[in-house]
Amino acid sequence: MEHRALSRLAAPAVAALLALTTACTGGTVHGRPGASGLRDPYFPKAGNGGYQVEHYELDLDYDPGDGLLHGTAVITSRAEQGLSSFNLDLSGLKVEGVTVQGAGARYNRTGNELTVRPAEDLEKGEVFVTEVDYSGRPKALTDADGAKEGWITTEDGAVGVGEPVGSMTWFPGNHHPSDKATYDITITVPKGYEAVSNGELRARTTQADGRTAFAWHSPEPMASYLATAVVGKYRVATGRTPSGVALYDAVAPGEAAASAGDLARVPEMVEWGAGRFGPYPFSTAGAIVLPAGTLAYALETQTRPVFSGAPGSEDLVLHELAHQWFGNSVSPKSWKDMWLNEGFATYAEWLWAEDHGGVSAQKRFEAFLAGDTEVDEGADSDWDAFPPAAPPGPEHISGNPVYFRGAMVLHRIRQEVGDEKFFALVRGWAAEHRHGNASTADFTAYAERQTGHDLKKVWDVWLYGKDSPR
Ligand code: TRP
Ligand code: ZN
């Protein structure tokens with residue numbers, strides 16, 4: 001701003017000019033506020049506009065004794081517009097301080113929105129670092145569908161899980177699957193405890209006070225709902241798959257015996273998945289078995305799914321592993337696209353069975369149409385209650401039709417195009433959007449382009465049709 005020239009103007013003119021300058025130009029005022037949500041059709045306030053995160057560095061200090069979490073989130077982002085302020089999603093906890101580019105920033109909180117006003121506006125294209133210091137006892141959320149997510153305590157520790165919007169209970173971020181980033185998650189715990197997260201364990205350091213810091217690194221992009229942090233007493237086992245993917249399993253001691261058989265098949269499943277879907281997308285794999293009863297579900301947390309107690313079924317382990325390709329590497333653009341996660345992971349179970357002496361996918365497809373629970377327990381569920389690509393509300397994004405009818409969509413494509421084109425399509429899809437995001441429209445266009453078939457009837461009846469396809 002040119003200050004010297006102003007002295008020649010009369011006072012009212014100066015005031016008017018200043019107001020104008022503040023509104024649209026000037027050294028510190030290039031920006032406007034970033035949007036407080038990304039208008040996801042099911043979770044409109046999830047995520048934030050005006051920037052994309054490139055990297056999260058989370059330093060979490062957790063004491064299972066008192067349940068207190070102290071966190072520092074160092075978030076590297078790129079501004080997609082000039083920003084005078086921007087939001088992060090954060091639920092509960094106390095914010096102790098925020099800096100942007102090393103300078104103290106003003107902030108305020110309303111609901112799950114943390115609004116940060118940097119000392120200086122950010123310019124479009126600028127890469128900037130935000131640091132948020134926070135603490136407190138994180139509170140889990142209860143979903144629209146009644147499932148609990150977020151930070152959940154166990155008898156001797158805790159687990160952070162995110163799908164769909166629980167990650168904001170344990171770290172501030174741009175919590176929408178369309179904004180994927182790399183992560184470094186370091187968890188410091190009292191002596192005798194383990195801390196497990198996604199990716200590769202880079203360091204395990206015992207500090208002067210006897211506590212241990214576990215530094216986990218995720219080099220591949222990750223949607224924030226797939227981040228996890230687990231603290232407690234765990235038995236750790238490491239190894240490698242035949243093709244060299246590093247394995248790290250952490251199992252609650254009480255579940256070790258019951259989990260052993262299912263977990264032993266993970267290396268073989270990784271290789272099978274690579275054969276069917278293309279190269280395993282991550283450098284590490286494994287599993288986390290929580291104490292039984294911690295969660296009402298398993299979750300495909302990136303590289304290292306969490307199971308609530310021993311998986312108890314080969315299918316469940318395979319399902320979570322299949323998500324590493326479908327959901328984790330190829331992530332949904334919005335929560336409306338959940339069937340691209342669950343339909344594929346369910347169909348992967350059908351393929352695994354088919355390839356391992358079990359019932360064929362065709363037979364399973366027919367069993368669903370006939371409601372035959374001898375072949376599949378899900379067959380008499382409400383699998384046909386709504387179209388998988390348009391769940392009637394946020395409480396339905398993990399509903400049976402998203403899983404089963406979603407899998408049936410894929411089988412219908414296979415019926416239309418034949419095995420050769422179908423498997424080329426599945427592999428091509430995983431390759432086309434590897435480490436990216438995709439929508440249902442991306443999929444239908446890709447499927448028709450790749451196979452050369454007009455699949456409109458499949459989309460109309462199976463994917464979008466309100467009526468039961470039976
Ligand atoms: N996505 C998980 C899976 O398919 C299941 C899941 C996670 C879930 N969170 C949920 C199901 C909440 C219902 C409600 O493995
Ligand atoms: Zn799933």
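Modeller: A polar contact is a pair of N or O atoms within 3.5 Å. Let's keep that cut-off at hand, and remember that this model is predicted.

Biologist: Happy to. What makes the approach of Glu-163 to ligand 1 a polar contact?

Modeller: A polar atom in the side chain of Glu-163 is 2.7 Å from a nitrogen atom of the ligand. That value is within 3.5 Å, so the pair qualifies. Glu-300 also has a polar side-chain atom 3.0 Å from a nitrogen of ligand 1, and Glu-320 has a side-chain N or O atom 2.5 Å from an oxygen of the ligand. Both pass the cut-off of 3.5 Å too.

Biologist: How many residues surround ligand 1, and which are the closest?

Modeller: There are 14 around it, the closest being Asp-145, Glu-163, Glu-320, Glu-342 and Tyr-403.

Biologist: Now to Asn-198. How do you know whether it is buried or exposed?

Modeller: Its relative accessibility is 1%. Buried means under 20%, so Asn-198 is buried. This residue sits in the loop between strand 14 and strand 15 (200–206), and among the residues it touches are Trp-216, His-217, Met-222 and Gln-302.

Biologist: What polar partners does the side chain of Asn-198 have?

Modeller: One is the backbone nitrogen of Thr-228, at 3.0 Å. Another is the side chain of Ser-197, at 3.4 Å. Ser-197 is adjacent in sequence, but the pair still counts because both atoms belong to side chains.

Biologist: Let's turn to charges. Why is the pair Asp-442 and Lys-333 called a salt bridge?

Modeller: The N to O distance between their side chains is 2.8 Å, and the rule asks for a Lys or Arg nitrogen within 4 Å of an Asp or Glu carboxyl oxygen, so the pair passes. Asp-442 belongs to helix 9 (residues 440–451) and Lys-333 to the loop between strand 22 (330–332) and helix 5, so parts 109 residues apart in sequence are tied together.

Biologist: Why are Asp-442 and Lys-333 called partly exposed?

Modeller: Asp-442 has a relative accessible area of 23% and Lys-333 one of 38%. Partly exposed runs between 20% and 50%, so both values belong there.

Biologist: And what makes Glu-96 and Lys-94 a salt bridge?

Modeller: Their side chains meet at 3.8 Å, N to O, which is still within 4 Å, so they count. Glu-96, at 43%, is partly exposed, whereas Lys-94, at 52%, is over 50% and therefore exposed.

Biologist: How many salt bridges does the rule give?

Modeller: The count is 16. One of them joins Asp-355 and Arg-276, with the closest N and O atoms 3.0 Å apart. Asp-355 is in helix 5 and Arg-276 in helix 3 (residues 266–277), so this pair links parts 79 residues apart in sequence.

Biologist: One last topic, the sheet. Why are strand 10 and strand 14 said to stand at the edges?

Modeller: The open sheet has 5 strands in the order 10-11-12-17-14, with antiparallel pairing. Strand 10 (141–142) and strand 14 (194–197) each have a single partner strand, so one side of each lacks a neighbour in the sheet.

Biologist: How do you know that strand 10 pairs with strand 11?

Modeller: There are 2 bridges between them. Pairing needs at least two, so the strands pair. Within this pair, Leu-141 stands opposite Glu-149.

Technical notes
Residues are numbered from 1 along each chain as its sequence is written. Chains are lettered from A and ligands numbered from 1 in the order in which they are written. This is a predicted model: local features need pLDDT of at least 70, side-chain atom pairs count only at pLDDT 80 or more; totals for chains, interfaces and linings use all residues. Side-chain values use heavy atoms; hydrogens and water are left out. Helices (H or I, at least four residues) and strands (E, at least two) are DSSP runs, numbered from the N terminus. Buried means under 20% relative accessible area, exposed over 50%, partly exposed in between (1.4 Å probe, protein chains only). A residue is near a molecule or strand if one of its heavy atoms lies within 4 Å of it. A polar contact is a pair of N or O atoms within 3.5 Å; within protein, one must be able to donate a hydrogen and the other to accept it, and residues adjacent in sequence count only if both atoms are side-chain atoms. Contact means heavy atoms within 4.5 Å. Lists of a residue's contacts leave out its neighbours within four places in sequence.
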